[in-house]
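Me: I have a model open in front of me and I keep meeting words such as "buried", "tilted" and "edge strand". Could you help me see where such labels come from?

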Amino acid sequence: MGEFMSKKDLIVLGIETSCDETAASVVKNGTEILSNVVASQIESHRRFGGVVPELASRHHVEQITIVIEEAIKKAKITFDDVDAIAVTEGPGLVGALLVGVNAAKALAFSLNKPLVGVHHIAGHIYANRLITDFTFPLLSLVVSGGHTELIYMEKDGAFQVIGETLDDAAGEAYDKVARTLNLPYPGGPHIDKLAQVGTPNIQLPRAWLEEGSYDFSFSGLKSAVINTLHNAEQRGEKISPEDLAASFQASVIEVLTAKTVRAAKEYSVKQVLLAGGVAANKGLRASLEKAFSELDEVELIIPPLYLCTDNAAMIAAAGSMLYEAGKRGKLDMNANPGLDIENF
């Protein structure tokens with residue numbers, strides 16, 4: 001047995017390959033990270049301005065065994081110490097998901113260990129469990145490259161989507177605006193950096209949608225930014241990239257923050273969790289911190305940067321909860337790019 005464990009400890013190996021990070025992690029009792037290894041593919045995809053699915057899958061095949069072995073080694077355990085194997089079942093790029101799912105199934109079969117399929121967004125939410133206990137009912141604002149959702153949870157494992165994007169996710173809009181400004185991929189961090197020094201002095205729309213809605217829409221805002229830039233070019237005017245980035249970010253953040261605060265009040269939650277890759281955005285973090293500092297009855301939890309982007313510790317954390325709830329995957333598990341968080 002590994003040196004850190006007693007027989008009562010639950011040791012879960014997590015595997016994540018939903019997009020362009022190949023990741024494996026070992027987590028103890030759902031809350032303590034023993035290892036968290038991530039092989040990023042950003043450099044490979046940067047020259048294309050976005051993730052190329054076939055290239056991502058190929059990189060996962062090359063990296064998956066190395067990353068898993070490194071996670072076991074860094075955790076100072078053996079495969080025999082592992083109680084269960086958790087893997088991202090979906091959503092994500094189908095070819096990328098398949099690499100992780102098949103690696104997890106092969107391990108589960110060869111080691112005779114239980115298999116647990118995890119929803120990728122549930123993983124992002126449970127990244128917060130690695131830094132603090134959950135207090136229910138809670139609300140999670142999930143903001144990533146492919147998802148923008150408000151999810152209400154009455155208890156562990158119960159996910160109710162009360163709002164979601166009707167078109168572009170926030171992270172997707174960031175990348176498209178960044179491309180218009182000739183910023184490198186991934187665009188989100190570059191827009192955030194420019195916004196910190198710019199002034200939000202350009203009028204851009206806020207998509208509130210119908211009254212009372214918790215849904216989001218960012219495609220109109222993205223188009224407004226592109227049109228503003230093109231119209232200025234046609235008039236021979238130069239728009240400050242910093243001011244445009246600040247104005248775009250202000251529009252996104254105002255809507256995200258306002259809807260999250262309103263939902264937190266309406267649903268009388270005790271905690272609000274921020275989750276997903278865009279949770280690393282400094283402007284969003286600061287806006288939420290300011291808004292929730294005025295709501296004494298609601299605790300705001302924001303994960304550290306390394307737990308915002310895709311990683312396997314979050315999959316192991318969510319997998320630990322599911323394992324303890326009795327959820328088991330079968331060896332005929334398949335990648336499910338359309339997996340529904342409310343019914344998985």
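Below, each label is set against the rule behind it.

Reply: Happy to help! Keep in mind that this is a predicted model.

Me: Let's begin with the sheet. What makes S3 and S5 the edge strands?

Reply: Five strands form an open sheet in the order S3-S2-S1-S4-S5. Strand S3 (32–40) and strand S5 (115–119) each pair on one side only, and these two are the edge strands. From one strand to the next, the twist averages 20°.

Me: How do you know that S1 and S2 pair?

Reply: Pairing needs at least two bridges between the strands. Strand S1 (residues 11–16) and strand S2 (residues 21–28) have 6 bridges, and they run in the antiparallel sense. To see one bridge, look at Val 12, whose partner in S2 is Val 27. As background, strands of a sheet pair through backbone hydrogen bonds, either parallel or antiparallel.

Me: Which helices lie across these strands?

Reply: H2 lies across S1, S2 and S3, at about 20° to S2. H3 lies across S1, S4 and S5, and its angle to S4 is about 155°.

Me: Now the rings. Why is the pair of Tyr 126 and Phe 159 called edge-to-face?

Reply: Two tests apply here: centres within 6.5 Å make a pair, and planes over 60 degrees apart make that pair edge-to-face. For Tyr 126 and Phe 159 the centres are 6.4 Å apart and the planes are at 75°, and the pair is edge-to-face. Tyr 126 is in helix H4 (residues 120–126), while Phe 159 is in the loop between S7 and strand S8 (160–164), 33 residues apart.

Me: Are those two residues buried or exposed?

Reply: Buried means under 20% relative accessible area. Tyr 126 has 0% relative accessibility, so Tyr 126 counts as buried. Phe 159 is buried as well, because its relative accessible area is 7%.

Me: Why is the pair of Tyr 152 and Tyr 267 called tilted?

Reply: Stacked needs planes under 30 degrees apart and edge-to-face needs over 60, and the rest are tilted. The planes of Tyr 152 and Tyr 267 are at 40°, with the ring centres 5.0 Å apart, so this pair is tilted. Because Tyr 152 lies in strand S7 and Tyr 267 in the loop between H8 and S9, the pair ties together parts that are 115 residues apart in sequence.

Me: What labels do Tyr 152 and Tyr 267 get for accessibility?

Reply: Tyr 152 has 10% relative accessibility, so Tyr 152 counts as buried. Tyr 267 has 24% relative accessibility, so Tyr 267 counts as partly exposed.

Me: How many aromatic pairs are there, and which residues do ring pairs link into a cluster?

Reply: The count comes to 8 aromatic pairs. Ring pairs link Tyr 126, Phe 134, Phe 136, Phe 159 and Phe 344 into a cluster.

Me: How do you know that the charged end of Arg 129 sits over the ring of Phe 134?

Reply: The distance part of the rule asks for a charge within 6 Å of the ring centre. The charged end of Arg 129 is 4.4 Å from the centre of the Phe 134 ring, and it sits over that ring. Similarly, Lys 259 lies over the face of Phe 216, at 5.7 Å from the ring centre.

Me: What can you tell me about the largest nonpolar core?

Reply: The largest nonpolar core has 48 residues, and Phe 248 and Phe 292 have the most contacts inside it. H8 gives the largest share of this core, with 11 residues. Beyond its neighbours within four places in sequence, Phe 292 is in contact with residues including Thr 260, Val 261 and Leu 300. Apart from that core lies another, of 32 residues, among them Ala 122 and Ile 151.

Me: Last one: what is notable about the backbone at Leu 209?

Reply: Leu 209 has a positive phi of about 65° although it is not a glycine. Leu 209 lies in the loop between H6 and H7. With 32% relative accessibility, Leu 209 counts as partly exposed, because that label covers values between 20% and 50%.

Technical notes: Residues are numbered from 1 along each chain as its sequence is written. This is a predicted model: local features need pLDDT of at least 70, side-chain atom pairs count only at pLDDT 80 or more; totals for chains, interfaces and linings use all residues. Side-chain values use heavy atoms; hydrogens and water are left out. A nonpolar core is a set of buried Ala, Val, Leu, Ile, Met, Phe, Trp, Tyr and Cys residues joined through side-chain atoms within 4.5 Å. Buried means under 20% relative accessible area, exposed over 50%, partly exposed in between (1.4 Å probe, protein chains only). Helices (H or I, at least four residues) and strands (E, at least two) are DSSP runs, numbered from the N terminus. Contact means heavy atoms within 4.5 Å. Rings of Phe, Tyr and Trp (its six-membered ring) pair if their centres lie within 6.5 Å; planes under 30 degrees apart count as stacked, over 60 as edge-to-face and the rest as tilted. A charge sits over a ring if NZ of Lys or CZ of Arg is within 6 Å of the ring centre and within 35 degrees of the ring normal. Axes are lines fitted to C-alpha atoms, for helices over the stretch in contact, and angles run from 0 to 180 degrees between N-to-C directions.
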